[in-house]
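This text walks through the fold of one chain, from overall figures to a sheet and the helices beside that sheet. Please keep the structure in view while reading.

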Amino acid sequence: MTPQHDISKQAESGNISIPFLSQKGNYPFNVDIKYGSVPDYLETPIEQNPFFEISTNEFLLKIPEIAAFYVTNGEQIIVEKTKNRNHNEILLFLMDSVFAVLMHQKGLLSFRGTALEKDGKGILLGGSGGAGKSTLARELMSHNNFNLISDGHVFSDGKSFFSGFQMLTLWQDIVEYYSYGLKSLIRPRTKLNKFWVETNKLTKKEETEISAVYHLTQNKKQEYATMDITGAQKLKYLWNNTSYRRLAELMERKKKNFGVLAQLAGKINMKELAFYPKVEKEMDPGKLARIIINDFKK
Amino acid sequence: MTKKLVWLSSYPKSGNTWLRIIISNLLGEKELDINDLEAMPIASSRYVFEFYCGFNSTNITHDEADQMRPVVNDLFAKDCEEITFRKNHDAFQYLENGQPLHGNPEFYKTIYIIRNPLSIVASLANHNQVSLDRAIEQMNKEDYSLSKTTRKHPGQLRQKLFSWRSHVKSWNENNELEVQTIRYEDIFYQPLETLKKAFTFAGLDFTDKKILDAYDKSNFNEIKQKEKQSVFNEKPPNVASFFRKGQPNSWKEELTQAQAQKVIESNYELMENFGYITPEVLSFAGLKK
């Protein structure tokens, strides 16, 4: 299989709007996103393979049988979708590595995770996929008056979080755990049990000062544990939470980002939250939420 | 092209992790950390997949991911500058389009670790937290897969194992593949000869002393001690410990005659080919040759 040939040339025209993006048209989202034809290849790629080609200011992503995305200079995204793909499927990929690379091109930071705001203070819930970031966010929003800044990827200049994707992405097990009616949710791909959950607990601020970062991990020991992250470890955790850090490295962003991350690390509190799933698939979001609430009281 | 990628393939609970620990003790310069096994990412690693794809692999289905895995595996193989081992539990298989899941066989070799299926039963039951009978059923299921969930965030890519029998055959009865099969029991009883054969096949040359030192450091008491000090990140959350007994004959204390009989009857030919059928085994199971 040669994936680049699987993208059929079914270009559609027209601007693409991202309904969950809070600050449409404002910095850092002053970007032109539209359907159109993408180039077959980049002239001077730093790295190229059948799935993507990248240089410091260009990114060409080719997802077989779904779409191709072309991102340039942090200003424009062109999407060439494969026939029969719906708009939400495109958004799913757009609001992922495509936007992360866009931010890297702009010289901004992009973190994997969920950012929330309370009393003007912003926190980031980081950790690997499936760690429970969105679940804990849902708990903090439902019972502890936190407001959503962005879910999935969180964008920052190193001082503040920008309001970004304002919906939660949850898998079916969590949707069932919280008894959401499946019909009230948006399912971007019919073949996937991954849902977008709209919420009215949204921050009203365009930018929120960064106060703390929590890194979620699963504890294999039968206990909950917290550990302060200090010193150089902070920088390591922040870099590890960077969205698509390999792509950022290929774009030669690592050195530049480290300077900003080091400054950020000096100003914020960071903590690892390790939880033990009581039964398979279940964590206790209330218990983790209380740890964060206690930090807020200090 | 010199083959730098070496798949360490096995059905689960067949000694794959044990061999990786031995290799880590051979290649590593510092004391072994069981959670840092000399960079041998599993074939189903989402990290490796996304490293080459540049998008979130949980946005695509298991079937869609399978279609892309041959390309990813070829890219990985081409990037190997030195002998690189990768853990693998997938059965060898061709996709509907004829592509082999593991990529072009010209790019890799395979060390296949086989273990007496009678020994796998109790280990698999413990790992999956199921009864022995259920473990035997799983080993006989032709559509058995790991990480096949679609309801929750899937930690790894789906791995189609098929039955134990089909898994062994898939890797050992395909002329397209360059495979060195070693028996778990031979690593246990004849470590030097067995490991040397495997490493020479992979293209690595170690002194006998180095191999035996690494083997000694990898004995089950040592590993279990390390697991007590630092929880092994491949251990399922609800299982007390990943490493169990490791003894080749402990199945005799764990299986009933009927259970042993069922395993043998399902896999007789293969078990005989690999030397697992002995008069003693048949007698235990109440079977005649």
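Two residues count as being in contact if their C-beta atoms, placed from the backbone, lie within 7 Å. The model discussed here is predicted. In chain B, among the contacts with a separation of 6 or more, 68% are between residues 24 or more positions apart. Of the 289 residues in chain B, 42% are buried. The secondary structure of chain B consists of 13 helices and six strands.

Four strands of chain B form an open sheet with parallel pairing, in the order β2-β1-β3-β6. The edge positions belong to β2 (84–88) and β6 (179–183) of chain B; each has a single partner strand, so one side of each is left without a neighbour in the sheet. On average, and with direction ignored, neighbouring strands of this sheet are turned by 25° against each other.

Inside that order, β1 (residues 5–10) and β3 (residues 108–114) of chain B pair in the parallel sense, and six bridges link the two strands. Within this part of the sheet, W7(B) stands opposite T110(B), which lies in β3(B).

Two helices can now be added to the picture. Helix α6 of chain B, residues 164–172, packs on the sheet and touches β1, β3 and β6 of chain B. The direction of α6 makes about 145° with that of β3(B). Helix α8 of chain B, residues 191–202, also packs on the sheet, where it touches β1, β3 and β6 of chain B. For α8, the angle given is with β6(B): the two directions make about 165°.

Note on methods: Residues are numbered from 1 along each chain as its sequence is written. Chains are lettered from A and ligands numbered from 1 in the order in which they are written. This is a predicted model: local features need pLDDT of at least 70, side-chain atom pairs count only at pLDDT 80 or more; totals for chains, interfaces and linings use all residues. A residue is buried if 20 or more other C-beta atoms lie within 10 Å of its own, exposed if 12 or fewer, and partly exposed in between; C-beta atoms are placed from the backbone. Two strands pair if DSSP finds at least two bridges between them. Axes are lines fitted to C-alpha atoms, for helices over the stretch in contact, and angles run from 0 to 180 degrees between N-to-C directions.
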